[in-house]
Structure formats: C-alpha cells, structure tokens
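Open the model in your viewer and keep the selection box handy. We'll hop from stop to stop, and at each one I'll tell you what to pick and what to look for.

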Amino acid sequence: MKQKMRKEFGMKERIRLMALAIIPITMVFAALPVTAQQITGVPGSPSATTTIDGEQLPPMPDKKFGGKIERNALQSKPYWPPRVVPPKGAPNVLLIMTDDSGYGVPSTFGGVIPTPALDRIADAGLRYTNFHSTAVCSPTRAALITGRNHHQMGFGTVSETATGFPGYNSIMTRDKATIGKVMKDNGYLTSWFGKNHNTPAFQTSQVGPFDQWPTGMGFDYFYGFMGGDTNQWQPANLARNTTYIYPFLDNPDYNLTTAMADEAIAYMKRMNALSPEQPFFVYYAPGGVHAPHHPTPEWIEKISKMKLFDEGWNKLRETIFANQKRLGVIPPDAKMTPWPKDLIKEWDQLNDNEKKLFLRQADVFAAYVAYTDHEIGRVIQAVEDMGKLDNTLIIYINGDNGTSAEGGPNGTPNEIAAVQGVHLPVEAQMKFYDAWGTDQTYPHMSVGWTWAFGTPFSWTKMVASHFGGTKQGMAISWPKEIKDKGGIRNQFHHVIDIVPTILEGAQLKQPEVVDGIPQKPIEGVSMAYTFDKKNADAPSTHKTQYFEMIGDHAIYHNGWIASTKVMRIPWDNSGKGHPDPASWPWELYDMSKDWTQYEDVAAKYPEKLKEMDALFWKEAERNQVLPLDATTFTRVVQPRPSLSAGRTVFTYSGEMTGTPNGDAPSVIATSYNFKADIEVPKGGAEGMIVTQGGRFAGYGFYLLKGKPVFTWNLFDLKRIKWEGAEVLSPGKHTLEFDFKYDGLGAATLAFGTPSGLGRSGTGALKVDGKVVATRKMEKTIPLTLQWDENFDVGADTGTPVDDKDYQVPFKFTGELDKLTLTIDRPKLTPEDIRKLEEAMHNNKASE
C-alpha cells in the first residue's frame, strides 16, 4: 500500500500525509477555504500580481520565463514575475493582546475600569467568554503567533527561566512557522509593536542571532521591547527592528505606551500611502498592564477621582460579579468562588494605612488599564480614519494570562525586589505613596486586588489549573463579515485557535513546507464558525486542551476539566516547596453545570477522573510537557547558553553599551574582580566604567568628581558604597573592585534548595594596587538585577544605579584602555555535597 502511495503522490502529498499521520484522532481541524489562483494585470508586466496556493512558502519560482531572450535587448521581450498578493477581499488583521489582565478587569466583561476601546470592538462584533491562555506570558504569546501548544514551541516557561529540555528551552524550531511568516509570504504587510517575549534571553544582544527576533519570524517591521516587561518611562530594552534605541533621553515626558501607539499609527499611514491595496497584519502588544504600572499622571488623577475602589476588594468582587451577570458574560446560575481567607485578608480586617496604600495601588493599576486601552483605541481609530475598518478583522484579547500576583500580599514599589522574596511592610512603602506609578517606582499591587480582578474565578497568573490564571475576555469584530453585533459566544477555545481563525478569514492555508522545512501541523482550530449568528450556540470545535505551568496542570475534554490542586501559591518564588508535581492531587469540574470551578466532583466521578488523568499524561508526552518542574524564578540563575556561558574572564575597552542580562556576565552569587586600566586627562575625569542594572537593582563602578566609587543598589532600598577619598591625578591608573562571596552559589539548586543564593560577601576597592575601602555586604541580590536594563561599559543606558550621584548616559570622560572582569564561581566540596544530599533526603521524608 505504501509503495502504491509513493507512486501516486508527489513530494508535497507525502509531506502532507506524514503531517496528518501524527495528528491525534481527537483533534478537530477547521477546513480552510481553498482559493483558486488569482492573477491580475497583464502577465509579465510590472503591475502583474498573483495569489499562491500557499502549500510551500515562499512559493517555488516559475521555471518558465514568459518573455523572449535574444542576443540583444532590442530584439528581446522582458517578463516580470508577478508580485504575490493575498486573495481578493482578504481582510486587514489587527491582533491586540494586553498583558497580565484577568477576566474581571475590563468594563467589557463586568469590571469597573473603563475600557471603551475593548467595549467598541465587542459592541461592533462578538464577546468571547470561554477563551483561555496558558497562564503565563511568554508561553501564551508563543502559542498565539504559531497556533501550536506552548511546550511544542519550547516555551513551557518564560524565556528568562528556560531550561535544557525541548519543551522549556525557549527555542522555536523552524518546523513551526509563525503567523507573521505565513502572512508575509502570502503578500501581507506584517508588523509587530510592543512586547516581544519570544526571543531566547540568551539571543537578545547585538550579536544575535536574529532569526528568532520579530524580523526573523516573518514581521517586516518591529518596534517594541525585548523581554517580559519594561520601564514605560525609560525602556532600556526598546528596539526598532534589531537595533536598540533610547528615545527617552532628554525627553522627560516620554512614555512607551503612547509612543508605541504613535509608532503604529505612523507605520499604518505610511504603508497605506505607499501600497493602499495591500492588506496589513499588525500585531499590537503593549506592556500594559504588566508591572511596572506606569500610567501618566493625568490618567492617575482621572481614575482616582472616580473612586472605583473605596469599598475594598471584597465589595469589588460583588460588584463585578453582578455586572457580569447583567452583561451575560457569565451564566445566570454561575457561582462566585470563595475568598481565600487563609491567604489574603478581607478588606474589613485591614488597618487605615493598609487601606490607604492599597487604594493607591489599585488606582494606579486601573489608570494603567484605562491608559493602555485608550492608546489601543487610537490605533483602532486610525484604521477607521484610513477607511479600512469595514474589512479589518480585529481581535482584542484582554491579557495573556490572569492578573499578576507578583506584588505579594502588600504590593510593592519595586517588582524586581518582590519576585526575589523581598516584601516591604506597608509602613515602609508609604514613603513611595506620592511617587507610585512615576519613574521613581517599579510598582505592583497587593494580591487582594489581583484576586478580585479574576472574578468570578479563583487564583491568578501562573496557575494553569484554575480559570483565574487562564480565562481571558476577548472581543472580535469584522464589520464586513460579523453581523451579530454585540453577540456573545460561550464556546471553549484557546489561544492556539487564533492563527487558524486568521488563516481562514484571510482564505489562506497552513503551509506544508516553509523555507524548505516540512511543517508540524497547527494544533488549534478555527473559531470562524462562531462569526455566524446561527452558530451562536453551536458546540465548540475545540474538544481537548491540556494546561501546564510551573508544575500546576489540568486537562479539558468535552466540557470536563481535571485540575490539580494548587500546591504552590503564585507569589511564592522562594524555590522551596513541592518537588514532585506529577503527584499533585486532582480536582474535577463539570463545566456544563459549573462555569467557575466552584464544586470539585472528583469523589463523585472517580472513573471520569481516571480517564482524564490518562488523557493528561498522553497529551503531556505528545506536547513535550515533561519533565514537570515546580520551581519558578530560581531558574534564572541556572546555566543556559549565552555569550558568557562557560567563560570566567571578560575583556572590554572603550564604550560598549546595551548588552542585555541574558548575554551579560553575571556576578550574582559568586566572587568576582573588576580591573580597569584608565587614563585621566588633564582637568580630571568622571563617568561610568561599568554598570549593570539601574535604579531598581544593580551595580556601578564609576568616577564621581574624579574619585572612584563602586555602588551596589539593593532594590532601591539600600545602597552600599566603596569610595576613594582622593581625586585621581592625570595619567594612567588601575582601579579594582574585588568581591569575595561567602555562599555556595547556584549549585545548591540542584539539591532543591536556594540556600547558596543571596549570601554575604566582602568587597575591596583598590587604586593602583592599594586598598582604599573595604566593606562587607550582609546580604546580596539572590537572583537577578533589573531585567529591563543592560550591562554597559563606558556609559550607562536606562536609569542610574544612584540618582543622587549622576544621570544617564554619564559617559566616561577619560580613556578606558582595558576593563577585565574575572569571575570565580563557588565550587562544592564533597562535604558540601554530602550535607546537601542529606538535607534533600530529610526534606523529602518530611513531606
């Protein structure tokens, strides 16, 4: 039979059959329309265009030349290959995804925060009430732009915590092309604005490689930030295409949220002027409302005057719940999940200072939500102003996961501190009250608000087993095609369903071969069937979907969901806890009767639970989910490929700025020595020699008014300095900072403990071989410096490590002949290993 098939089918058919053979029989795929080739203009003329079948991208060139070639041009006839265009009538596509926003945040889905842009799309089109993310940003976004499950894309976790397993290494293999690549090769103008959290953290430097940057993944134009979040006032990780830029310098009013909208609008206008008939695909992904919450003062004032939160988070839940029932975005019989009294105080239990601070946090968060939505509204309005709204498919997804709990119980003026276990008491935070949301803070809110903004569900971002972590409100409009304006759709769908929906709307196929590489099938199913009002209550075509994040896991199948009990609270990033997520107990919910996961029926239906358990492990194996890992941010310090991997000596000269954290040499949890050979000119010198991080965590080695200084900024809470007393004379000097670390380092993580991190150490500052300052640090930063800032030599990008000492760029005014960094990482002795193994064994025995 196989021999017969080989004779009957060509290479393309064989590839297609091989791909189909690995699709599980439980998976349902929407049939994409097959559009016959469309040729316009006179063949061979410069204006001729053609559509393609889309099976192979880019298409094979036509081997036949349609003109005539003689010895001389005068007797020859030219023939131009036709330009590839999408099928006639193909829509523009505007794909919008915000960040860290739960189901109960926007007014569109019952929230109290006004989101008129999202309301506009929902009123002109459809609201989707049963749409799901992966529970964390990088993974959701990898699934969004490819139509494949996040572990298949190597994004079982965020890129900064990648590990060396196929489902977790952050490497998107080329057998799974992005929607950008497919649209571009079919003739679309493609662009990406905002957050890019899908480049490996170890490939974000100027060295590249750039094939997993947006421009390498099929997007012609990119303007956005590289990584999980950024300072909206001073985004030091902002790039245009593959070049880092710093437009905020000397521009104190700059805010990326507005600048990004300006950039997108200008781009669309430019493309419309240059090629008005060519449809666009714009992926618009603002940083809002991921921390840091950085709205403008005008928006903070506007929202604060509305008094949205004065009655507290428990009353807020009740208000949102009532709104949701009124809007019809939850069923009339839906039940509110209980408040977690054992984890979070009720509002009436708070003292006056707590209420005051927490209200400020909520107002700033809400201002950021409203501000972000407003700028999105400007982009949507620009589409209408160009006369293109009628045939533009707009998909607006509220959040890439549930609302974030990374602020901890009290919130924080500095997210970078909170995720590393440094939680300030309310009294200590009050000094940041007036500055909350400005560039002097990197703020996040209390988990009480986080939980309320997930109404009516339980849990938050990072929890994949419960809908507070995965349920996202979504609205889709396409005036030309969607006529059920203001309609509601309750079918279960997942973020992997967006790509096939776009392809069906654009009348494009999933390619079988891209750049010569056979493609793995798209896992998602098209949602386009829901556009027709007659299918408003049709059964979902998405039958089965697994979930997994940081060990927490679930499996959905035909209206049932089995969810593991939450065994690690999502704001605990200590690295301690449950090492065996494969054994976490199951809960079971019947979604046909229980919209909110209110009643666990595992004991009532043991056979159903057994069936679901087997299905999860089958899907987990098929999708590269194993091995399960319940650790979180402690993975940041684990070794991974980078420009600094395996090296202990680094040498620089002159100015070299903008090396991101993922490729920079790390001095976390280790001994190290900076040695700078400099020349001071007549008249003296000052400026930065070397720095990493910035205002909210980092270090700097610099000359201040001619004197050497080494500063460690411990989360903007404390700064430890080593200072020389004398101004350096003109001429050559050697400056050193030598640090001896007292801990065992990151190697202890292999034994299930972070005990080697954040330990003490002693630093010595030397000038020309003489020690001029010695000081001990009782504690050091355990995991990471400010992640949106850079490793800079000879100047400083982003923000200062100490605003009182200098302002960026603080270029070094002398000559930096040579800078050498030598790292001496701790090495475990046999006795260390014995003790760690014994402690690990005892911990397991006590569980």
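## Stop 1: a covered strand

Select strand 20 (residues 560–564) together with strand 21 (residues 586–590): the two run antiparallel and are joined by 5 bridges. Helices (H or I, at least four residues) and strands (E, at least two) are DSSP runs, numbered from the N terminus, and two strands pair if DSSP finds at least two bridges between them. Before going on, note that this is a predicted model, where local features need pLDDT of at least 70, side-chain atom pairs count only at pLDDT 80 or more, and totals for chains, interfaces and linings use all residues. Residues are numbered from 1 along each chain as its sequence is written, and side-chain values use heavy atoms, with hydrogens and water left out.

Now click on Ala-562. Opposite it in strand 21 stands Leu-588. On the strand 19 side, Ala-562 is the bridge partner of Ile-555. Strand 19 (residues 552–557) also runs antiparallel to strand 20, with 4 bridges between them. These two make a hairpin with 2 residues in between, and Asn-558 in the turn has a positive phi of about 45°.

Which way do the side chains of strand 20 point? Trp-560, Ala-562 and Thr-564 go one way, Ile-561 and Ser-563 the other, and all are buried. Buried here means under 20% relative accessible area, exposed over 50%, and partly exposed in between (1.4 Å probe, protein chains only). In a regular strand the side chains alternate between the two faces of the sheet. For strand 20, the tally is 5 of its 5 residues buried.

## Stop 2: an open sheet

Next, select strands 22, 33, 24, 29, 30 and 31. In that order they form an open sheet of 6 strands with antiparallel pairing. Strand 22 and strand 31 (770–777) are the edge strands, each pairing on one side only. Neighbouring strands in this sheet are turned by 10° against each other on average, direction ignored. The axes behind that angle are lines fitted to C-alpha atoms (for helices, over the stretch in contact), and angles run from 0 to 180 degrees between N-to-C directions.

Zoom in on the strand 22 edge. It pairs with strand 33 (residues 815–824) in the antiparallel sense over 4 bridges. Pick Thr-651 and you'll find its bridge partner, Thr-820, in strand 33.

## Stop 3: two helices

Select helix 7 (residues 297–304) and colour Trp-299, Ile-300, Ile-303 and Ser-304, its buried residues. Looking down the axis of helix 7, you'll see these fall within an arc of 130°, so they line one face. That arc is taken from the directions from the helix axis to the C-beta atoms. Turned away from the buried side are the exposed residues Pro-297 and Glu-298. Helix 9 (352–385) is part of what covers the buried residues of helix 7.

Move on to helix 8 (residues 312–327). Its 16 residues reach 22 Å from first C-alpha to last, close to the 22 Å expected at 1.5 Å a residue; the expected span is 1.5 Å times one less than the number of residues. Among its buried residues are Trp-313, Leu-316, Ile-320 and Phe-321. The buried residues of helix 8 pack against helix 9 and helix 12. Just past the end of helix 8, Gly-328 takes a positive phi of about 80°.

## Stop 4: odd backbones in loops

Jump to the loop between helix 12 (447–452) and helix 13 (467–470), where Pro-456 lies. A cis peptide bond joins Thr-455 to Pro-456, with omega about 10°. Trp-459 lies in the loop between helix 12 and helix 13 too. Its phi is near 75°, a positive value in a residue other than glycine, and Trp-459 counts as buried at 14% relative accessibility.

For another cis bond, go to Leu-626 and Pro-627, where omega is about 5°. Pro-627 is in the loop between helix 15 (606–622) and strand 22 (649–652).

Last pick: Asp-716, in the loop between strand 27 (707–714) and strand 28 (718–723). Asp-716 is not a glycine, yet it has a positive phi of about 60°. Buried or exposed? Asp-716 is buried, with a relative accessible area of 17%. Leaving aside neighbours within four places in sequence, Asp-716 is in contact with Asn-414, Phe-432, Gln-440, Arg-695 and Phe-696, where contact means heavy atoms within 4.5 Å.
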